[in-house]
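User: I'm new to this one, so could you take me through its hollow spaces, the cavities and pockets, and what lines them? A look at the helix pair beside them in your notes would be welcome too.

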Amino acid sequence: MKELFAFPTDEIMKSDEVYLSISLNAQANAFETEANQIQFQNLLKEAKEKICDVYDEKTCDTFLEQIKDLRNDSDFWRRASESIVFYVTQTEAFFYRLGAPVKNEVVLSEQAYVLPLIPNFQYVSYYHLLGLNHDKCTLYNGRGAQLQEIPLPEDAPTDLEKALGKELTGGELNTADYNGSVGQGMFHGHNEKSNEVQIDQNNYFRAVDKYVYENYSKPTELPLVLFALPENISDFEKISKNPHLDETKVEGSTAQLSSAQIQDKASEVVTEIIDRRYKALVEKFNETTPEFRLEAQYNDLAMASIQGKIDTLLIEDHYQVHGVIDENGQYKEGSEINAYVNQLVQNVLKTNGKVYILDKASMPSDTGIAATLRF
């Protein structure tokens, strides 16, 4: 089973594949593994009923075979995030660990049910956060405002001496503030060879940059957010060759901070990003002239999504439409709950549009669903 980090991605955007989609709100701590496993077991029972209503038992077993071992995988559930969404076909299984809550539900359909993913990715998605001091580093998985430290292996350049070893030129390092106390501030070698100290730091930053890129940024293609003092940010940016280094920065030193304090600092920055992007979204919607806007016009929305006309789709949280988009691109009323909305979202994402799910108070439209058009 493969963990996914990007969204949208080819694995769950296929239009000719039947998907079993399972969304689960998890207890995100190591002491609640049994509760998570019980929840998952109950959702598997519901999944089996839904699959067996449509397919024979052999096909049903083919789906469930992909994820049955998770029931007893304590290590998996100990690393649970706020929520998890699974996507299962007859040949493959994928999952996302999310930092936003979801509704516990099971959906079997000819498209992956992607609505639970939207709130997690609409403003800030997955990223890596690098806590960088002049002689030490730590790395975190970021999911929205949630951070989880990554245990780095022995060969990782977690400190300057380990990274450079005999290649150290500036002697043993410490740092001193202007008042002489140890902590943040100016760099000093015991022999005061400041140029050599700077060389060591640059070489260390190169080692960190290369290691993080090769082992984390390159395989996942996730943005890398830097958490460091302004002077270290400047120095690191000059030497970094990581194309995934993000423009978002967290200014400060992680050296004297607890994990909770690092989490709080990162959360502040993420909150600022979300607020800024939300305000820009609403401003753009309000400035869009009526001829380039659609609201709860289900046929027009369906056809526009297929034709690639929708630039931005806004949906009120828990908004429901009963029915589907038929083979002619028209809204067809029916008993299906939210199949239409999911199809609409998939169409918009496949044509490089943006999708946002907002609570009622945040919606700039009072119709529950609205779109701005490209043309």
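Analyst: Here is a walk through the pockets, then the cavities, then one helix pair.

First, the ground rules: this is a predicted model, where local features need pLDDT of at least 70 and side-chain atom pairs count only at pLDDT 80 or more, while totals for chains, interfaces and linings use all residues. Residues are numbered from 1 along each chain as its sequence is written, and side-chain values use heavy atoms, with hydrogens and water left out.

Some terms next. On a 1 Å grid over the protein atoms alone, a pocket is an open set of points with protein on both sides within 12 Å along at least five of seven lines; a cavity is a set where a 1.4 Å probe fits but cannot get out; and lining residues have an atom within 4 Å of a point. Grid points are joined across faces, edges and corners, and a volume is the space filled by probe spheres set on them. Helices (H or I, at least four residues) and strands (E, at least two) are DSSP runs, numbered from the N terminus.

Let's start with the largest pocket, which holds about 1,100 Å³ of space. It has 37 lining residues, and Val-107, Tyr-113, Leu-115, Ile-337 and Asn-338 are the closest to its centre. At least two lining residues come from each of α1 (33–54), β5 (105–109), β14, β15 (322–325), β16 (331–337) and α10. β5 has the largest share, with 5 residues. Sorted by type, the lining has 21 nonpolar, 8 polar and 8 charged residues (Ala, Val, Leu, Ile, Met, Phe, Trp, Tyr, Cys and Pro count as nonpolar, Asp, Glu, Lys and Arg as charged, and the others, Gly among them, as polar).

The second largest pocket comes in at about 860 Å³. Of its 37 lining residues, Phe-121, Gln-122, Tyr-123, Arg-277 and Lys-354 sit closest to the centre. Two or more residues each come from α4 (118–121), β6 (126–132), β12 (245–251), α8, β14 and β17 (354–358). Here α8 gives the most, with 8 residues, and the lining splits into 24 nonpolar, 7 polar and 6 charged.

Now for the closed spaces: there are 2 cavities of 30 Å³ or more. The largest cavity has a volume of about 50 Å³. Around it you'll find Leu-130, Cys-137, Leu-139, Leu-152, Ala-156, Pro-157, Val-208, Tyr-211 and Val-212, a lining with 9 nonpolar residues and no polar or charged ones. β7 (137–143) and α6 (194–220) each supply at least two of them, with α6 giving the most, 3 residues.

The second largest cavity has about 30 Å³ of space, lined by Leu-281, Lys-284, Phe-285, Thr-312, Leu-314 and Thr-372. Both α8 (259–287) and β14 (310–316) give two or more residues to that lining, and α8 gives the most, 3. This lining is a mix: 3 nonpolar, 2 polar and 1 charged.

Last, the helix pair. The axes of α9 (residues 298–306) and α10 (residues 339–350) come within 8 Å and cross at roughly 30°; axes are lines fitted to C-alpha atoms, for helices over the stretch in contact, and angles run from 0 to 180 degrees between N-to-C directions. In α9, Tyr-298, Leu-301, Ala-302, Ser-305 and Ile-306 meet Tyr-340, Leu-344, Asn-347 and Val-348 of α10, contact meaning heavy atoms within 4.5 Å. Those contact residues divide into 7 nonpolar, 2 polar and no charged.
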